[in-house]
Amino acid sequence: MAPVLSRSETAGSRRTVRIGFLGFGTVGQGVWKHVRENRRRLEARLGARLELARAAVRQAGKKRGVALDAGQLTTNGREIVEDDSIDIVCELMGGTGEARELTLEALRRGKVVISANKALLCEHGEELFATARKHGGQYFFEASVAGGIPIIKALREGLVANRFPLIYGILNGTCNYLLTRMEREGLAFEPLLEEARALGFVEADESLDVDGWDTAHKAVVLAWLAHGKWVRYDEMVVEGIRKVTQDDIAHARSLGYAIKLLAVVKRDFASNRLFVSVHPALVSRRNVLANLDGPYNGVSVTGDIVGTTCYIGRGAGQDATSSAVISDIADAVLWLQRCEPRRDEPSASPGVGREPACGILPLENVESSFYLRLMVKDAAGVLAEVASVMGRHLVSIATVLQKTAATPGRACLILTTHVTNERAMKNTVEELAGLESLLEPPFLLRVAAFEE
Ligand code: NDP
Ligand code: HSE
């Protein structure tokens, strides 16, 4: 099928590529601003004229940092996707309802769609790519994972020779911002969340960030790129950071760790099984990721040929995200002009590349050591009771710390375990939760075994 360039106009010897926006908030305005400010340099490198066409928003009258002429704003996204003069649609509105419908319509019309919407990609990726394939369009998504870090291109291009036994990292800027400022300045969660929102890091629905789902969406995208499998939510462990307290952070620090929200994508090639998890974890201070501040993300990728590589950069915010979207605009312009090969299928996809389809690793095969916080009655025999439950599930205790709680008659037990498996720990926690001496639900964190 002919590429979309047939619709583009010519200006002298150069093509004009017209770009429309669905959404003109933090990211949309950043992309518009940086394309406008760097247009001449980008045009020289890409050999095409870039024209910022129009943007769709929800409220036309809203005050914005980047002002557009009245004729450039619409509240009807269909006007963007149905405009035959627009070659590239940047979907920067978020959500999985209207964003999906408008994206599908743009793809049905053979347009290139560029998106930062990891929720949409995670939940409807197969449908989006199939539609792009069928109608000769393209779907690019560099900004959907780890903000300004070009991790999609790293996996898909730079590391194409590799298979990936382990990918892990910090993929949510908001949570890293909250955890680092809680640790360094002892500040409370809620006011920090407001600050992160003002800085443009937080999703419209903040629970996507703090309950781990935004990280889960990104982990699913990485797992698909690396292993050609769309992992479902019910096949993963997903936990957020709401229950992490200042005391947990202090205990972790005294043990030589920082608490980070980690995504882990682990493939056991011997059994051909994959496991994806998202949870707050104790990360050794020797690991570079333990020392990442604020909205920074970091991804460690181990390839069977390259070894371990690590990528660090700002994972959220207007400028970093715009940089990633503009890299997709550049790819899209090249694709429109030269019709470069499609890039939507990961090399590991069953039927496309080398690997047979992989399954999901059962919980009993997923191992780590754990940190357990228990608020118990401060009474004789309670520690022995806890130890006996753990022993019954073959969970071996590595360290124990007892702290007298502020309320009389209560004590806080902090335990760490030797390496055990997720199933044993899940059963242990369920049994501990039923003990009469337990005064609050147990709180569990994994201890990441990664040192680099
Ligand atoms: P914002 O909330 O700042 O902007 C969303 C924009 O979409 C607004 O302009 C809004 O209009 C518009 N919009 C929402 N719904 C509709 C609709 N139904 N019709 C037309 N316009 C609509 O979000 P962000 O810019 O922060 O995020 C956009 C996308 O980028 C999301 O998918 C997000 O997950 C992703 N992302 C964000 C990052 C960040 O750091 N912020 C980083 C990486 C990805 P109005 O302005 O009138 O309200
Ligand atoms: N809310 C997301 C974050 C935006 O904080 O990481 C970047 O995807």
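**Exercise 1. Strand 17 and its partners**

Task: In this predicted model, work out how covered strand 17 (residues 410-417) is, and which way strand 15 and strand 16 run against it.

Solution:
- Start with cover. Seven of the eight residues in strand 17 are buried, so call the strand mostly covered.
- Now take strand 15 (residues 367-377). Seven bridges tie it to strand 17, and the pair runs antiparallel.
- For a spot to look at, find valine 376: it sits opposite alanine 411 of strand 17.
- Move on to strand 16 (residues 397-404). It is also joined to strand 17 by seven bridges, again antiparallel.
- Here threonine 404 has alanine 411 as its bridge partner.
- Finish at the turn. Strands 16 and 17 form a hairpin with five residues between the strands, and glycine 409 there has a positive phi near 85 degrees.

**Exercise 2. Two residues with a positive phi**

Task: Asparagine 272 and leucine 394 both need a look at their backbone. Where does each one sit, and is each buried or exposed?

Solution:
- First, the background: most residues other than glycine have a negative phi.
- Asparagine 272 goes the other way, with a phi near 55 degrees. You'll find it in the loop between strand 10 (257-268) and strand 11 (273-284).
- Check its cover: the relative accessibility of asparagine 272 is 18%, and the cut-off for buried is under 20%, so it counts as buried.
- Leucine 394 has a positive phi too, about 60 degrees. Its loop runs between helix 13 (382-392) and strand 16.
- At 74% relative accessibility, leucine 394 is over the 50% mark, so it counts as exposed.

**Exercise 3. Helix 10, end to end**

Task: Test whether the length of helix 10 (residues 213-227) agrees with what its residue count predicts, then say how enclosed it is.

Solution:
- Count 15 residues; at 1.5 Å a residue, the expected span is 21 Å.
- Compare that with the model: the end C-alpha atoms of helix 10 are 20 Å apart, which agrees.
- Next, cover. Of its 15 residues, 14 are buried, so the rest of the structure largely encloses helix 10.
- Step just past the helix and you meet glycine 228, with a positive phi of about 70 degrees.

**Exercise 4. What surrounds ligand 2**

Task: Which helices contribute at least two residues each to the shell around ligand 2, and which polar contacts can you pick out?

Solution:
- The helices are helix 7 (173-185) and helix 10.
- List some neighbours: among them are Thr174, Asp214 and Lys218.
- Sort the shell by class: three nonpolar, four polar and five charged residues.
- Now the contacts. A ligand 2 oxygen is 2.6 Å from a side-chain N or O atom of lysine 118.
- One ligand 2 nitrogen atom is 2.6 Å from a polar backbone atom of phenylalanine 201, and a nitrogen atom of the ligand is 2.7 Å from a polar side-chain atom of aspartate 209.
- For cover, ligand 2 alone exposes 260 Å², and the protein buries 93% of that.

**Exercise 5. Ligand 1**

Task: Which residues come nearest to ligand 1, and how much of the ligand does the protein bury?

Solution:
- Of 24 surrounding residues, the nearest are Gln59, Lys62, Arg64, Glu203 and Gly317.
- By class, the shell holds nine nonpolar, nine polar and six charged residues.
- An oxygen of ligand 1 is 2.7 Å from a side-chain N or O atom of glutamate 203, and a ligand oxygen is 2.7 Å from a polar backbone atom of glycine 317.
- On its own, ligand 1 exposes 890 Å², of which the protein buries 87%.

Key. Residues numbered from 1 in each chain as written. Chains lettered and ligands numbered in written order. Predicted model: local features only at pLDDT ≥ 70, side-chain atom pairs only at ≥ 80, totals over all residues. Heavy atoms only, no water. Helix = DSSP H or I, 4+ residues; strand = E, 2+ residues; numbered from the N terminus. Expected span 1.5 Å × (residues − 1). Buried < 20%, exposed > 50% of the residue type's maximum accessible area, 1.4 Å probe, protein only. Near = heavy atom within 4 Å. Polar contact = N/O pair within 3.5 Å; in protein donor to acceptor, adjacent residues only side chain to side chain. Areas by Shrake-Rupley, 256 points an atom, 1.4 Å probe, with all protein chains shown as cover. Nonpolar A, V, L, I, M, F, W, Y, C, P; charged D, E, K, R; others polar. Pairing = 2+ DSSP bridges.
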